[in-house]
Amino acid sequence: MKNVTLSSGKVIGKGQPCYIIAEIGINHNGSLDIAKQLIDEGANAKADAVKFQKRTPELCVPLDQWEIQRDTPWGRMSYIDYKRKTEFGNLEYSAIDQHAKQRGIDWFASPWDVESVTFLEHFSPVLYKLASASLTDLELIEKILHTGRPLMISTGMSTVKEITETVAFIKNFDENYPLMIAHSTSAYPCKPEELNLSMIRTLGEMFPDTPIGYSGHETGLATTVAAVALGATFVERHFTLDRAMWGSDHAASVEPQGLARLVKDIRDVEIAVGDGIKKVYEAEIGQMKKLRKHISAEYSM
Ligand SMILES: C=C(OP(=O)(O)O)C(=O)O
């Protein structure tokens, strides 16, 4: 496996601690103050990174949806105005960049359109994430590839053919491009029977050179911890201050306490997985002497 080294010094891949991403996405609800609190909580929980989603609303919202009216915390407004209101610009991302650096946590974003890559380049992100919805957007992928920065692609809502074609497109650009692939199911929240965590192993067999990870949308933490036991070298979970907040992603997100629990459980599990080589531990010898009738010579002294 070709491990991926980020400009922050963190390494993603085999033999490395799982890289844990707290996905803020748009859970800041357009508030820089909330974004900063989420960065603080992500750092307190010892996550490796916080992540955002960056869109140019005029490019991402289909024209026929612009004028659809909806109720928002800021009153009734058109869908395009709502998307504009929740999108951060240069001022906010500069503050985010500064705040994350102060707190010693990586940050990056998934750009949803070509202009957003140009925008994010000003901040020299540690990596780019390609959302599942963008897996077949070759124009966006090509724009990212020209930055040369590590690329993490997510595979929700995708067929094996689409995944294989996108990976081939990237390898065709540069055989050694620093790439990571996340297994994901794009259902919010995702039911256990649709998680299909064994795909982490399948993707590992399909792309043995590439670090495989997991982008989860389930409720609860156990299945994300299990993903690490199954070989995920990075994991991402949606993150919010409060699941009851207004907005579509909050309900399927973990809160600060849950994130801290998740990080601790993942760290315990990656140690517990061990090396698969049988040994008798010091702590077992007393038990052996007390409970076993026939003790082999090497332990009988
Ligand atoms: C939607 C995103 O990712 P995923 O497809 O992994 O949920 C994203 O990163 O913006």
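**Figure 1. The loop that holds Pro 189 and Asn 196.** Let us start in the loop between β10 (179–184) and α8 (199–206), which is the place of Pro 189. This is a predicted model, and in it the peptide bond joining Tyr 188 to Pro 189 is cis, with omega at about -5°. Further along, Asn 196 also lies in the loop between β10 and α8. Although Asn 196 is not a glycine, its phi is positive, at about 50°. Is Asn 196 buried, partly exposed or exposed? Asn 196 has a relative accessible area of 46%, so it counts as partly exposed.

**Figure 2. Asn 29, in the loop between β3 and α1.** Here we look at the loop between β3 and α1, where Asn 29 has its place. Asn 29 is not a glycine, yet its phi is positive, at about 50°. How accessible is Asn 29? Its relative accessibility is 15%, and buried means under 20%, so Asn 29 counts as buried.

**Figure 3. Helix α1 from end to end.** Helix α1 covers residues 32–44, which makes 13 residues. From first C-alpha to last, α1 reaches 18 Å, close to the 18 Å expected at 1.5 Å a residue. What caps its N-terminal end? Ser 31 does, with a side-chain oxygen 3.3 Å from the backbone nitrogen of Asp 33. After α1 comes Lys 46, whose phi is positive, near 65°.

**Figure 4. The buried residues of α1 and what covers them.** Buried residues in α1 are Ile 34, Ala 35, Leu 38, Ile 39, Gly 42 and Ala 43. A general point helps in reading this list: an α-helix has 3.6 residues a turn, so residues three or four places apart point the same way. Which elements help to cover the buried residues of α1? Among them are the strands β3 (19–25) and β4 (49–54), together with the helices α4 (90–103) and α10 (256–272).

**Figure 5. Lys 54, a buried lysine in β4.** Lys 54 has its place in strand β4. With 7% relative accessibility, under the 20% that sets the limit for buried, Lys 54 counts as buried. Leaving aside residues up to four places away in sequence, Lys 54 touches several aromatic residues, including Phe 88, Tyr 93, Trp 112 and Phe 119. Glu 87, Asp 113 and Ser 116 are also among the residues that Lys 54 touches.

**Figure 6. The ligand and its surroundings.** Residues around the ligand include Glu 23, Lys 51, Lys 129, Tyr 188 and His 217. Which distances separate polar side-chain atoms of Gln 53, Ser 110 and Ser 154 from an oxygen atom of the ligand? For Gln 53 the distance is 3.3 Å, for Ser 110 it is 2.7 Å, and for Ser 154 it is 2.6 Å. Taken alone, the ligand exposes 290 Å², and the protein buries 96% of that.

**Figure 7. Stepping back to the protein chain.** The chain's secondary structure comes to eleven helices and twelve strands. Its C-alpha atoms fill a box of roughly 80 × 45 × 40 Å along the principal axes. Of its 301 residues, 48% count as buried. UniProt, in an unreviewed entry, places the feature "domain: PseI/NeuA/B-like" at residues 38–278. That span is 39% helix and 18% strand, and its end C-alpha atoms lie 42 Å apart.

How values were computed
Residues numbered from 1 in each chain as written. Predicted model: local features only at pLDDT ≥ 70, side-chain atom pairs only at ≥ 80, totals over all residues. Heavy atoms only, no water. UniProt positions renumbered as here; feature names shortened; annotations may be inferred. Helix = DSSP H or I, 4+ residues; strand = E, 2+ residues; numbered from the N terminus. Expected span 1.5 Å × (residues − 1). Buried < 20%, exposed > 50% of the residue type's maximum accessible area, 1.4 Å probe, protein only. Contact = heavy atoms within 4.5 Å. Polar contact = N/O pair within 3.5 Å; in protein donor to acceptor, adjacent residues only side chain to side chain. Near = heavy atom within 4 Å. Areas by Shrake-Rupley, 256 points an atom, 1.4 Å probe, with all protein chains shown as cover.
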